[in-house]
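Hi everyone, thanks for coming. I'd like to walk you through one structure today, at an easy pace. Let me put it up on the screen.

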Amino acid sequence: MSLKKIYSSLPNSIKKKIDKLSFNFSHNIEEDFIFNSKVGKNYNLSTNDKKKIAQLLKYSISNIDSATDINIHFLLLKSVLALNPKKLSSIVECGVFKGATSVVLSIGAKITERKLILYDSFEGLPNGEKNISRRYYPHLGITGSYKKGMYAGTLEEVKSNLLTYGHLDVCELRKGFFNKSLIKHKEKIDLLFLDVDLVSSTKDCIFYLWDHLVDGSYCYTDDACDIDVVKVWFDDAWWKKNLKIKSPGYIGSGCGLPITSNFSSLGYAVKSPNLKKYKNISWLEKK
Ligand SMILES: C[S@@+](CC[C@H](N)C(=O)[O-])C[C@H]1O[C@@H](n2cnc3c(N)ncnc32)[C@H](O)[C@@H]1O
């Protein structure tokens, strides 16, 4: 019997386990982070340096209550390390909770000599959205609702986590609800990370920060599976009205970037990518 036949005759639960194992084997995010020589090359990081950083990431996530997982942390840090060492702007995170992803970004900010600006109410989510009574994650068949005050981490807790596991000295923590705190934002941004759960919060972040994002830069979000949040990235009418541009779209809509075998919570939008840097391909005409 061929391997394929054996595989197809197995119960679904065993198939799922095999799929997961083989996916982890071929898509191991941690190994890619450590052994891919391109990761951190711009900042002269050796394999040994990256091994130490990987230990630190694992240690911090095992100690900080987080709404994200270690694979997301490796991917975010990899993206920070890909930033241009000659053109320095700031890294911005909106949606901090207890600071788990902030620790990761602070490690990246320290290495790349950038400032990390952290925006949060530091008292959890604002009032939920009346018109979205239940969240809708169709790819996962998941639903439920958000409540005011969920994901609360105080300023002191976050500072203490940054001090213990990351680099508080490169961070600026800005407290307040986004519709107030983001108004005064001035710094150019070359990596933006939104983990804000709500459609209204996502819109506030885009409205106040998109113009500050440098062309070609990435805005990652951790809400890739929530269809109502994802829709914002394709809502041409909203983008035209508020930012006078077409919506940028969103990579990972509904199921996230392919970093685990079934789904991930991470996706991204790119601001005005430079198509001159894109490759031509055989199935498309060169213009
Ligand atoms: C899911 S948690 C962030 C998780 C975090 N990135 C981690 O690594 O665990 C969402 C965060 O967004 C914040 N938030 C959402 N909407 C907000 C708003 N309109 N103004 C300020 N903070 C907001 C909440 O306070 C909460 O800390």
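A word on naming before we start: helices, of at least four residues, and strands, of at least two, are DSSP runs, and they are numbered from the N terminus. Please also keep in mind that this is a predicted model.

Let's begin with the sheet. What is the order of its six strands? Reading across, the order is 5-2-1-6-7-8. The sheet is open and its pairing is mixed. If you are new to sheets, here is the general idea: strands pair through backbone hydrogen bonds, either parallel or antiparallel.

Which strands stand at the edges? Those are strand 5, residues 171-175, and strand 8, residues 267-270. Each has a single partner strand, so one side of each is left without a neighbour in the sheet. From one strand to the next, the twist averages 15 degrees.

Now come with me to strand 1, residues 90-94. Five of its five residues are buried, so we can call this strand mostly covered. In a regular strand the side chains alternate between the two faces of the sheet. Which residues sit on each face here? Ser90, Val92 and Cys94 are on one side, Ile91 and Glu93 are on the other, and all of them are buried. Both faces of strand 1 are therefore covered.

Strand 1 has strands on either hand in that order, 2 and 6. With strand 6, residues 189-194, strand 1 pairs in the parallel sense over five bridges. To find this pairing on the screen, look for Cys94, whose bridge partner in strand 6 is Leu194. Strand 2, residues 116-120, also runs parallel to strand 1, and four bridges join the two. Here you can look for Ile91, which has Leu116 of strand 2 as its bridge partner. Going one step further out, strand 2 pairs with strand 5 in the parallel sense, over five bridges. In that pairing, Asp120 is bridged to Lys175 of strand 5.

Next, the helices that lie over these strands. Strand 1, helix 6 and strand 2 together make a right-handed β-α-β unit. Where does helix 6 lie? It goes across strand 1, strand 2, strand 5 and strand 6, and runs at about 180 degrees to strand 1. Helix 9 lies across strand 1, strand 6 and strand 7, residues 213-221, and its angle to strand 6 is about 170 degrees.

Let me pick one residue from helix 6: Thr112. Is Thr112 buried or exposed? There are 22 other C-beta atoms within 10 Å, and a residue needs 20 or more to count as buried, so Thr112 is buried. Leaving aside neighbours within four places in sequence, Thr112 is in contact with Tyr43, Val80, Leu81, Leu83 and Pro85. Take Leu83: it is 29 residues from Thr112 along the chain, yet their C-alpha atoms are separated by 7.7 Å.

Now the ligand. How many residues surround it? The count is 23, and the closest are Gly95, Phe97, Ala100, Thr101 and Ser201. Two elements give two or more residues to this shell, and we have met both: helix 6 (100-112) and helix 9 (199-209). By class, the shell has eleven nonpolar, eight polar and four charged residues.

Let's finish with some spots on the outside. Helix 11, residues 236-243, is hardly covered: among its eight residues, the count of buried ones is zero. Just after helix 11 comes Lys244, which takes a positive phi of about 60 degrees although it is not a glycine. Lys244 lies in the loop between helix 11 and strand 8. With 8 other C-beta atoms within 10 Å, Lys244 is exposed.

Ser272, in the segment after strand 8, also has a positive phi, of about 35 degrees, without being a glycine. Ser272 has 12 C-beta neighbours inside 10 Å, and 12 or fewer counts as exposed, so Ser272 is exposed.

Last stop: Pro138, in the loop between strand 3 and strand 4. Pro138 is exposed, with 12 other C-beta atoms within 10 Å. Which residues does Pro138 touch, not counting those up to four places away in sequence? Those are Ile227 and Gly254. Pro138 and Ile227 are 89 residues apart along the chain, and their C-alpha atoms are separated by 7.5 Å.

That's my tour. Thanks for listening!

Methods. Residues are numbered from 1 along each chain as its sequence is written. This is a predicted model: local features need pLDDT of at least 70, side-chain atom pairs count only at pLDDT 80 or more; totals for chains, interfaces and linings use all residues. A residue is near a molecule or strand if its C-beta atom, placed from the backbone, lies within 6 Å of it. Ala, Val, Leu, Ile, Met, Phe, Trp, Tyr, Cys and Pro count as nonpolar, Asp, Glu, Lys and Arg as charged, and the others, Gly among them, as polar. Two strands pair if DSSP finds at least two bridges between them. A crossover is right-handed if, with the strands pointing away from the viewer, the path from the first strand over the helix to the second runs clockwise. Axes are lines fitted to C-alpha atoms, for helices over the stretch in contact, and angles run from 0 to 180 degrees between N-to-C directions. Two residues are in contact if their C-beta atoms, placed from the backbone, lie within 7 Å.
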